[in-house]
Amino acid sequence: MFKTKDLAYMAMMTTLIIILGFIPAIPLGFIPVPIVLQNMGIMLAALILGGRRGSLSVLLFMLIGFIVPVFSGKATTLPVFMGPTAGYVFAWLLVPFVFAGLYKALQSQNKVILFALIWLAGVLLVDLIGATWMSIHTGMPLGAALVSNLVFIPGDTIKAGLATIIAYKLRESYINAK
């Protein structure tokens, strides 16, 4: 089972994801998916908590969302899972697991490698699953949905970089505090 410290970390990460949802989304107009900051919280959950604890933190966020509007735009889980953004949000559950699997395969503490792994799991995977669902939900051709996701790549890359730096600095602080 989990130690009390693990549960506290998962609760704090869930709280951070919720807080990032309070920052207003930026609608793009040409696709029904806005730019949000919550996905940076998902990347931080993966980088800091790892696969199991990170995904449980994301799951807790989604469960709280059934009662409280925790998603960007003051939405709850059910409407989000019934809309065009469902694929992106569902993919959030996979990000910590996929990152942890990639990390386990490479076992590198190099910042560039960590950035590349979180970019693959937190940006590329999410955009692929999200575009696929958006295509199914809206009837948009898959190619068009994938191309429309290109607008997210620069911002999500910056978020992945920030998440990597934050996680790396937190690890450094923790190691230096011992």
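A nonpolar core is a set of buried Ala, Val, Leu, Ile, Met, Phe, Trp, Tyr and Cys residues joined through side-chain atoms within 4.5 Å. Keep that idea in mind as we walk through this structure, which is a predicted model. In the largest nonpolar core there are 42 residues, and those that touch the most other members are Val58, Phe61, Met62, Phe71, Trp92, Phe99 and Ile118. Helices H1, H2, H4, H5 (111–138) and H7 (153–177) each give two or more residues to this core. The largest share, 11 residues, comes from H2.

Let's start with helix H1. How far apart should the ends of H1 be? At 1.5 Å a residue, the 19 residues of H1 (residues 4–22) should span 27 Å, and the end C-alpha atoms are indeed 27 Å apart, so the expected and actual spans agree. Now look at which residues of H1 are hidden: Asp6, Met10, Met13, Thr14, Ile17, Ile18, Leu20 and Gly21 are buried. Seen down the axis of H1, these buried residues fall within an arc of 160°, so they line one face of the helix. Thr4, Met12 and Phe22, on the other side of H1, are exposed. And what do the buried residues of H1 pack against? Their partner is helix H2, residues 38–64.

That brings us to H2, where two residues make a nice contrast. Serine 55 lies in H2, and with a relative accessible area of 4% it is buried, because buried means under 20%. Leaving out residues up to four places away in sequence, serine 55 touches Gly50, Leu93, Pro96 and Phe97. Arginine 52 also lies in helix H2, but its relative accessibility is 53%, so it counts as exposed, the cut-off being over 50%. Apart from its neighbours within four places in sequence, arginine 52 is in contact with Phe2 and Phe97.

Proline 96 turned up among the contacts of serine 55, so it is a good place to look next. It lies in helix H4, and at 0% relative accessibility proline 96 counts as buried. Which residues does proline 96 meet, once neighbours within four places in sequence are set aside? The contacts are Ala46, Gly50, Gly51, Gly54, Ser55 and Val58. Proline 96 also shows how folding can bring separate parts of a sequence together: arginine 52 and proline 96 are 44 residues apart in sequence, yet 7.2 Å apart in space, C-alpha to C-alpha. Compare leucine 63: it is 33 residues from proline 96 in sequence, and their C-alpha atoms are 17 Å apart.

Next, the aromatic rings. A pair of aromatic rings is described by the distance of the centres and the angle of the planes. There are four aromatic pairs in the structure. In one of them, the rings of phenylalanine 61 and phenylalanine 71 have centres 4.7 Å apart and planes at 55°, so the pair is tilted. This pair links distant parts of the chain, since phenylalanine 61 is in helix H2 and phenylalanine 71 is in the loop between H2 and helix H3 (77–81), 10 residues apart. Both phenylalanines, 61 and 71, are buried. Phenylalanine 99 and tyrosine 103 form a stacked pair, with 6.0 Å from centre to centre and 20° between the planes. Both of these residues lie in helix H4 (residues 86–106), four residues apart, which is about one turn of the helix. Phenylalanine 99 is buried, with a relative accessible area of 2%, and tyrosine 103 is buried too, at 18%. Ring pairs also join Phe61, Phe71 and Trp92 into a cluster.

Two more residues add to the picture around this loop. Methionine 62, not counting residues up to four places away in sequence, touches Phe71, Thr77, Phe81, Val89, Trp92 and Leu93. Serine 72 lies in the loop between H2 and H3 and is buried, with a relative accessible area of 15%. Beyond its neighbours within four places in sequence, serine 72 is in contact with Gly21, Ile23, Pro24, Ala25, Val36 and Gln38.

Finally, a record adds some labels. In an unreviewed entry, UniProt places the feature "transmembrane region" at residues 56–73, 85–106, 113–136 and 142–168. In the model, residues 85–106 are 95% helix and 0% strand, with end C-alpha atoms 31 Å apart. Residues 142–168 are 85% helix and 0% strand, and the end C-alpha atoms of this span lie 36 Å apart.

Note on methods
Residues are numbered from 1 along each chain as its sequence is written. This is a predicted model: local features need pLDDT of at least 70, side-chain atom pairs count only at pLDDT 80 or more; totals for chains, interfaces and linings use all residues. Side-chain values use heavy atoms; hydrogens and water are left out. The expected span of a helix is 1.5 Å times one less than its number of residues. Buried means under 20% relative accessible area, exposed over 50%, partly exposed in between (1.4 Å probe, protein chains only). The arc is that of the directions from the helix axis to the C-beta atoms. Contact means heavy atoms within 4.5 Å. UniProt positions are given in the numbering used here, feature names are shortened, and annotations may be inferred rather than shown by experiment. Rings of Phe, Tyr and Trp (its six-membered ring) pair if their centres lie within 6.5 Å; planes under 30 degrees apart count as stacked, over 60 as edge-to-face and the rest as tilted.
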